[in-house]
Amino acid sequence: MKLIGLGTDKIGTTVLIVLAAVSFIIPVCNLATPADSPLHFSAYTVSVLGKYLTFALLGLSLDLVWGYCGILALGQGAFFALGGYAMGMYLMRQIGTRGVYGDPLLPDFMVFLNWKELPWYWLGFDNFWFALVMVVLVPGLLAFVFGWLAFRSRVTGVYLSIITQALTYALLLAFFRNEMGFGGNNGLTDFKELLGFNIQSEALRSVLLMISGVTLIAVFILCRWLVNTKLGRVVTAIRDQESRVRFLGYRVEMFKLWIFVFSAMIAGIAGALYVPQVGIINPSEFSPLNSLEIVIWVAIGGRGTLYGAIIGAVLVNYSKTVLTGLMPEIWLFTLGAVFVLVTVFLPDGLVGLMRRRLQESHS
Amino acid sequence: MNTFAENLFGEVPKVSSGSLVVEGELDTRHGPILYLEDVSVSFDGFKALNHMSLYIDAGELRCMIGPNGAGKTTLMDVITGKTRPDTGTVFFGQTIDLLQMDEPAIAQAGICRKFQKPSVFDALTVFENLELALKADKRTWQTLFYRLNGEQRDRIDQIIETIGLTACNHQRAGILSHGQKQWLEIGMLLMQEPKVMLVDEPIAGMTHQEIERTAELLLSLQGQRSIVVVEHDMEFVRSIASKVTVLHEGSVLTEGTMDEVQNDPRVIQVYLGG
């Protein structure tokens, strides 16, 4: 506890306890009680909660690069989507002969396009562990190449933000193309099973919720540890005075690259957990707007705190679910308004507000 | 006085090295530790440095004075790798070509800098600021798993005491006064155990007492580190300098003791106009 500095941190501890409760109590209740029991949560609640937790993980990954290293990455959604596609490819290959065309090897969309054999980059994705490696490796590799070029040329600030938007937009256009071999416009869907379990089953949904929660808790603790290491302090120093850090003998570009790649890998994991719970991955996940929304979650929750990103992601997405159910047309206006209000009146986000309240109640 | 420096650095390495010339290793047998020859830098036609040549001896304490725009800060930018000169050569000892190196490499080679505007990390504590500056392996993975050992902890505590910030040890640097930030940055410089210290306007915003202690500290380091101080305050320069270099319009106008320099008619003309 001391290592990650949680003992004295009430909000962080509370967030951890709530996360643990959600990710254990709900799945356990659902697995142990019959469907008509009052302790039984609906399949809808379970899958929506699971989705929120993957978004929280995604927000966490952005907070690491933006809140701690000052890199306003507006393409975090790209890494999320790539992780999602890697998982989607595994799930597609699990369909086997149960597809509409019943081809044992080729997914339906390839048969439809008259493809005769599986493209080389689909090989190996029938193996779950291979797919899991790809979930972190592909986003990590893209972040590495992109970051290597950008940080070495000392591209910073708005310019970096714009090229990250361009990156995710370019991927959006690429994945839309049928020739890319990722299902084009429709993406990957109609999944049947995950590791032999029916993907529609309530039991699997509960387990996925639990895995999402446990992953989020583990990554949260890992990130807490990370920002409390010397590397975390160097990264914070880079955020505040980049050139000064260079004169202390640190290779700033390597530190930025490190944290950027690490964060992209977390985003990839979030995407991989998201896809089996929503049952589809398509190019719209690459849309620049998605990446902007992640920034809004983190800004509303509170930057540079890690749990702020979790709180922000869950609250904004819960509001989205409720509001788009009631009045879909006002959602984007509400989101924009809240973002402006938070930026102007709560620069430290909701977490900053909570902290101030806590301090006041102490004194 | 001597023990003051010994306290700071413990074992002070000899500045002059062995007899073999090794490429990439600091070689100061010929005296100077920094060689700048015929260095020119221009920004949009303005010549910030104009064919400047300058030699700093190993272990010497040199003061640089000169009116605004004389090129003092540009000079430091060139030495630390922030600015690339258009022409000229810059060598660290006999063998190390600084123009082939970037800022982190130059810092790791042992040339460290205090900025004109105090540049400390506001979000980190005094202790953490010094920890980041501490001479160590500064690659990413090594930094991630870095643990201070007892000796290093003691050294940081020692420096904190030297710079008079013991009481603020665990406070964020952002709340320090201007003078305290100056001292913290000097402390960060000391943590790096540099061979050459470039100190840009160290006493701005300091109280009289703090100024005296700064002079004391710089004098105590003389002989072990080469120190280049840029300062406007003539009284301060007089109190520390044995040798003063006057810069004017990007070149060295004259060099000598404070008295020689102050009586040089060219210097008087530059400062008083005319």
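In chain A of this predicted model, 78% of the contacts with a separation of 6 or more are between residues 24 or more positions apart. Keep that in mind as you look at the secondary structure, which comes to 14 helices and four strands in chain A. The chain has 363 residues, and for that length a compact globule would have a radius of gyration near 21 Å; chain A has 21 Å, which agrees. Its C-alpha atoms fill a box of roughly 65 × 55 × 40 Å along the principal axes, and 45% of its residues count as buried.

Now turn to chain B, where you will find eleven helices and ten strands. Its radius of gyration is 19 Å, close to the 19 Å that the globule rule gives for 274 residues, so chain B is as compact as a globular protein of that length. Along the principal axes, the C-alpha trace of chain B spans about 55 × 45 × 40 Å. Of the residues in chain B, 43% count as buried. Among the contacts in chain B between residues at least 6 apart in sequence, 67% join residues at least 24 apart.

A good place to begin inside chain B is its open sheet of six strands, which has mixed pairing and the order 6-7-8-3-9-10. Strand 6 (111-114) and strand 10 (251-256) of chain B each have a single partner strand, so one side of each is left without a neighbour in the sheet. On average, and ignoring direction, neighbouring strands of this sheet are turned by 20° against each other.

Let us follow strand 8 of chain B, residues 226-230, through this sheet. How many of its five residues are buried? Five of the five are, so strand 8 of chain B is largely enclosed by the rest of the structure. As a reminder, side chains in a regular strand alternate between the two faces of the sheet. Here S226(B), V228(B) and V230(B) point one way from strand 8 of chain B, while I227(B) and V229(B) point the other way, and all are buried.

Strand 8 of chain B has parallel pairings that you can trace residue by residue. With strand 3 (residues 61-65) of chain B, it pairs in the parallel sense over four bridges, and there M64(B) has V230(B) as its bridge partner. With strand 7 (residues 196-200) of chain B, strand 8 of chain B also runs parallel, joined by five bridges. V230(B) appears here too, as the bridge partner of D200(B). The path between these two strands is worth tracing: strand 7, helix 8 (residues 208-221) and strand 8 of chain B make a right-handed β-α-β unit.

From strand 3 of chain B, four bridges lead on to strand 9 (residues 243-248) of chain B, and these two strands run parallel. In that pairing, I65(B) has V246(B) as its bridge partner. Helices pack on this sheet as well. Helix 2 (residues 72-79) of chain B touches strand 3, strand 6, strand 7, strand 8 and strand 9 of chain B, and its direction makes about 150° with that of strand 7 of chain B. Helix 11 (residues 265-272) of chain B touches strand 9 and strand 10 of chain B, with its direction at about 125° to that of strand 10 of chain B.

Chain B also holds an open sheet of four strands, in the order 2-1-4-5, with antiparallel pairing. Its edge strands are strand 2 (46-57) and strand 5 (96-97) of chain B, each of which pairs on one side only. Between strand 1 (residues 32-43) and strand 4 (residues 87-92) of chain B there are five bridges in the antiparallel sense, and E37(B) stands opposite T89(B) in strand 4 of chain B.

For a closer look at a single residue, find A173(B), in the loop between helix 6 (150-162) and helix 7 (178-191) of chain B. Is A173(B) buried or exposed? It has 25 C-beta neighbours inside 10 Å, and since 20 or more make a residue buried, A173(B) counts as buried. Leaving aside neighbours within four places in sequence, its contacts include V120(B), F121(B), D122(B), K181(B) and L184(B).

Finally, see where the two chains meet: 21 residues of chain B are in contact with 19 residues of chain A. On the chain B side, the elements that give two or more residues are helix 3 (103-109), helix 4 (126-133) and helix 5 (140-144). By class, that side has nine nonpolar, six polar and six charged residues.

Notes. Residues are numbered from 1 along each chain as its sequence is written. Chains are lettered from A and ligands numbered from 1 in the order in which they are written. This is a predicted model: local features need pLDDT of at least 70, side-chain atom pairs count only at pLDDT 80 or more; totals for chains, interfaces and linings use all residues. The radius of gyration is taken over C-alpha atoms; the globule rule is 2.2 Å times the number of residues to the power 0.38. A residue is buried if 20 or more other C-beta atoms lie within 10 Å of its own, exposed if 12 or fewer, and partly exposed in between; C-beta atoms are placed from the backbone. Two residues are in contact if their C-beta atoms, placed from the backbone, lie within 7 Å. Two strands pair if DSSP finds at least two bridges between them. A crossover is right-handed if, with the strands pointing away from the viewer, the path from the first strand over the helix to the second runs clockwise. Ala, Val, Leu, Ile, Met, Phe, Trp, Tyr, Cys and Pro count as nonpolar, Asp, Glu, Lys and Arg as charged, and the others, Gly among them, as polar. Axes are lines fitted to C-alpha atoms, for helices over the stretch in contact, and angles run from 0 to 180 degrees between N-to-C directions.
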